[in-house]
Amino acid sequence: MQLRAGAALVLVALFLPAAARAQDGPAAPPSPAPAKDGNVDVHLSGEVAAYQDSVAVSVLTPSVGARVENPVSGWGVSGRYLVDVVSAASPDIVSTASPRWNETRHAGNLGVKYKPGDFGVSAGGAASYTPDYLALNANAQLTQDLDEKNWTLVEGYGYGHDVIGRVGTPWSVFSRKLDYHSFTFGASRVLSPSVVVGLFADGIVERGDPSKPYRYIPMFDAATSLKLQPGASVDQVASSRIQARPLEQLPLERERAAVTGRLAWRFSRSTLRLEERLYADTWGLQATTTDMRYFVDLSERVEIWPHVRAHFQNGVSFWERTYVASSALDLPAIRTGDRELSPLSSGGLGGGIRLGLGKPGRVDDFVLQATLDGVYTAFHDALYVKERFAGLFATSVEVAF
């Protein structure tokens, strides 16, 4: 199964470079090393990230990356390859009488940039593969500095094509297509030598069928559906549902929009970074996400930061904890069991440390970094699970030549 939403995406969003279309704020940025008088800088990095939650989902993600750039000339090339090793035995899987399943996802991305002066362009591509899911993406972005670099304008476009299948079944026999176009517009402003603010707008237009070909939706008669409360167990659901158990069916069109505001405030030995994101889509989902990191320079070589995150959302307009049907011939046309589309709230707390171990004057030539976050999610109107605890850890090393 493809873990498109939930544990794997949370892990990627918090710890790994963008290899897919959904991403949250980046991890703690390393301090830029001084340019070597026009020489080419080569950076090699490796990372291992791990995720574990209370609903029996585990993800291990090793990755390697490389970046070659000339800071003076303004060009750069970067790439990353990662492997997601997923193991899951969540209530959704148990409820279909399926055993724990394991999946390996391979993903990679390549990017190039060129910004010799006030105007810059960048482009990239990404691919992700499992035996039942192929995701391809290409994107381009333009940047322009104005007013002696006090203003920076950004605009970008991306196109993605996903193919959804089933393990053991050739795509020529069964497959679904999902295409999307993404747009980004934004601006950042240097208010003072210590304060930078930014406002960015993102839009995504999706066409195709994103329904999960493994997700079966239990159906209930009208009287029984009222008796099942949030968090009802697998046994309660199995003994209460009617015989019909159709596959998930989501709408074939979706438009998404988000507005993100960012603030970076540098103090004498610390930096505060705040981010607020407002989201809405044509499925009726609305969400707000607040993210805060406070970077503290303990010394030239050591930086630490606490991290706080809060997310709140309603459910999609067609969300039902229990879908009602009188028989297999009378099913709701649109139906889902994806808890990530239900009303929920989550909070995260964690932090990280970054060690610059390079030689004096170039401490960032050898960097070790580690982050640890705990996330609590409350599902307010879903079967099987009322709450989820998750832990996320990543450690990385980067070497510059």
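In strand β4 (residues 101-114), Lys113 is the bridge partner of Gly76, and the two strands concerned, β3 and β4, pair in the antiparallel sense over 14 bridges. Strands here are DSSP runs (E, at least two residues), helices are DSSP runs (H or I, at least four residues), and both are numbered from the N terminus; two strands pair if DSSP finds at least two bridges between them. The model is predicted: local features need pLDDT of at least 70 and side-chain atom pairs count only at pLDDT 80 or more, whereas totals for chains, interfaces and linings use all residues. Residues are numbered from 1 along each chain as its sequence is written, and side-chain values use heavy atoms, with hydrogens and water left out.

Strand β3 (residues 75-88) is also joined to strand β2 (residues 57-70), by 12 bridges in an antiparallel arrangement. Within this pair, Leu60 has Val85 of β3 as its bridge partner, and Arg67 is matched with Ser78 of β3. The hairpin of β2 and β3 has four residues between the strands, and Gly74 in the turn has a positive phi of about 90°. On its other side in sequence, β2 is joined to strand β1 (residues 41-53), again antiparallel, by 12 bridges. Here Leu44 is the bridge partner of Ala66 in β2. Three residues lie between β1 and β2 in their hairpin, where Ala56 in the turn has a positive phi of about 65°.

A further run of antiparallel pairing involves β5, β6 and β7. Strand β5 (residues 119-130) is joined to strand β6 (residues 133-146) by 12 bridges, with Gly124 partnered by Asn139 of β6. The hairpin connecting β5 to β6 passes through two residues. Between β6 and strand β7 (residues 151-164) there are 14 bridges, and Ala138 has Tyr159 of β7 as its partner. The hairpin of β6 and β7 has four residues between the strands, and Asp147 takes a positive phi near 55° there.

The protein chain as a whole has four helices and 18 strands. Of its 401 residues, 44% count as buried, where buried means under 20% relative accessible area, exposed over 50% and partly exposed in between (1.4 Å probe, protein chains only). Among contacts (heavy atoms within 4.5 Å) between residues at least 6 apart in sequence, 63% join residues at least 24 apart. The chain exposes about 19,200 Å², of which carbon and sulfur atoms supply 63%, with areas from the Shrake-Rupley method and a 1.4 Å probe.

Trp283 lies in the loop between β12 (270-281) and β13 (286-297). This residue is buried, with a relative accessible area of 4%. Discounting residues up to four places away in sequence, Trp283 touches nine residues listed as Pro210, Leu250, Pro251, Glu253, Arg254, Val316, Ser317, Phe318 and Leu341. Trp283 and Arg256 are 27 residues apart in sequence, with a C-alpha to C-alpha distance of 8.7 Å.The count of cavities of 30 Å³ or more comes to four, a cavity being a set of points on a 1 Å grid over the protein atoms alone where a 1.4 Å probe fits but cannot get out. The second largest has a volume of about 70 Å³, the space filled by probe spheres set on the points. Its lining has 10 residues, of which Ser95, Val237, Arg241, Arg245 and Tyr384 lie nearest its centre.

Terms used: 1 Å grid on protein atoms, 1.4 Å probe; cavity = no way out; pocket = protein on both sides within 12 Å on 5 of 7 lines; lining within 4 Å.
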